[in-house]
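Biologist: Could you walk me through this one, step by step?

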Amino acid sequence: MRPDLSSAPPAVAAPILAATGLARAVPLAGGGRRTLFAGVDLAVRPGEVVAIVGESGVGKSTLLNVVAGLDAADAGQVLIGGQDIAALAEPARAALRASALGFVFQAFHVLPHLTLARNVALPCLLAGMNAADALARAEAMLAQVGLDGRGADWPAVLSGGELQRVAIARALVNRPGLVLADEPTGNLDPETAARILDLLLSEARERRAAVLIVTHSDMVAGAADRVLRLSASGLVPA
Ligand SMILES: Nc1ncnc2c1ncn2[C@@H]1O[C@H](COP(=O)(O)OP(=O)(O)O)[C@@H](O)[C@H]1O
Ligand SMILES: [Mg+2]
């Protein structure tokens, strides 16, 4: 009998994120431009956790924003699930982000006029889930980041570390294939940071998400499959 090759898994899964030749310069106040990075190549496969480290101001957040299609590169290409995000019109790009991508912003961007549960439910609602199911999933996700029963609270009463955990819950609630997290443990005590790291690792290990984390934490970098350092000369193994 011939083996059924049609169901054989590929030896190496195709990357969820494939970026090539990314470059970005920013304007200087006195005129001219400063190159943050150039020639950045990056691939993250299903189930893989990649950490990016680098000095403050080197362009890590800018790189993550470019990868998410929230900022434009000066050169290069970003493919998410094989799709060129820059080539999409904004509505299609927003739809791709909503369905495929979870982003933990360094500045949280938790919306002040929505309760915690509604903040976290937002990606599910944008993806078309009914409100009751979305809110139930948001409450369960809040419990996973250690904010059980806090869904009715307002962002204004939260500490920075609590807001960071709301941002993480919102990024993961829709079970995205690609998780981009910008210093996700930067405001957390060591015990809570370990819990959040476990949650991010299980996204990769159990759900086979591709996880890209910008971090200054040795604990986070130590748990990653690969650590890359961003500098003006590019993104290289740390
Ligand atoms: N749109 C912009 N215009 C001018 N300068 C910018 C812009 N975006 C980022 N920068 C500058 O680029 C540098 C890198 O910023 P950022 O990506 O936030 O660094 P990191 O996350 O590594 O600390 C900083 O000096 C920042 O002020
Ligand atoms: Mg940053």
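**Strands, core and ligand shell**

Modeller: Sure, starting with one bridge: Ala-25 has Thr-35 of S2 as its bridge partner. This is a predicted model, where local features need pLDDT of at least 70 and side-chain atom pairs count only at pLDDT 80 or more, while totals for chains, interfaces and linings use all residues. Residues are numbered from 1 along each chain as its sequence is written, and chains are lettered from A and ligands numbered from 1 in the order in which they are written.

Biologist: Over how many bridges do S1 and S2 pair?

Modeller: Strands are DSSP runs of E, at least two residues, and helices are runs of H or I, at least four residues, both numbered from the N terminus. Two strands pair if DSSP finds at least two bridges between them. S1 and S2 run antiparallel, and their bridges number 8.

Biologist: Which strands stand at the edges of the sheet?

Modeller: The open sheet has 4 strands in the order S2-S1-S4-S5, paired antiparallel. Each edge strand has a single partner, so one side of it is left without a neighbour in the sheet. Those edge strands are S2 (33-44) and S5 (83-84).

Biologist: What is the radius of gyration of the protein chain?

Modeller: The chain has 7 helices and 10 strands. Its radius is close to the 18 Å that the globule rule gives for 238 residues, so the chain is as compact as a globular protein of that length. The radius is taken over C-alpha atoms, and the rule is 2.2 Å times the number of residues to the power 0.38. The value is 18 Å.

Biologist: Which helix gives the largest share of the largest nonpolar core?

Modeller: A nonpolar core is a set of buried Ala, Val, Leu, Ile, Met, Phe, Trp, Tyr and Cys residues joined through C-beta atoms within 7 Å; buried means that 20 or more other C-beta atoms lie within 10 Å of a residue's own, with C-beta atoms placed from the backbone. This core has 66 residues, and Leu-17, Val-120, Leu-180 and Ile-213 touch the most other members. The largest share, 6 residues, comes from H5 (residues 160-172).

Biologist: Which element supplies the largest share of the shell around ligand 1?

Modeller: The residues around ligand 1 (C-beta atom within 6 Å of it) include Val-26, Pro-27, Lys-60 and Ser-61. Strand S1 (17-27) and helix H1 (60-67) each supply at least two shell residues. The largest share, 3 residues, comes from H1.

Conventions
A residue is buried if 20 or more other C-beta atoms lie within 10 Å of its own, exposed if 12 or fewer, and partly exposed in between; C-beta atoms are placed from the backbone.
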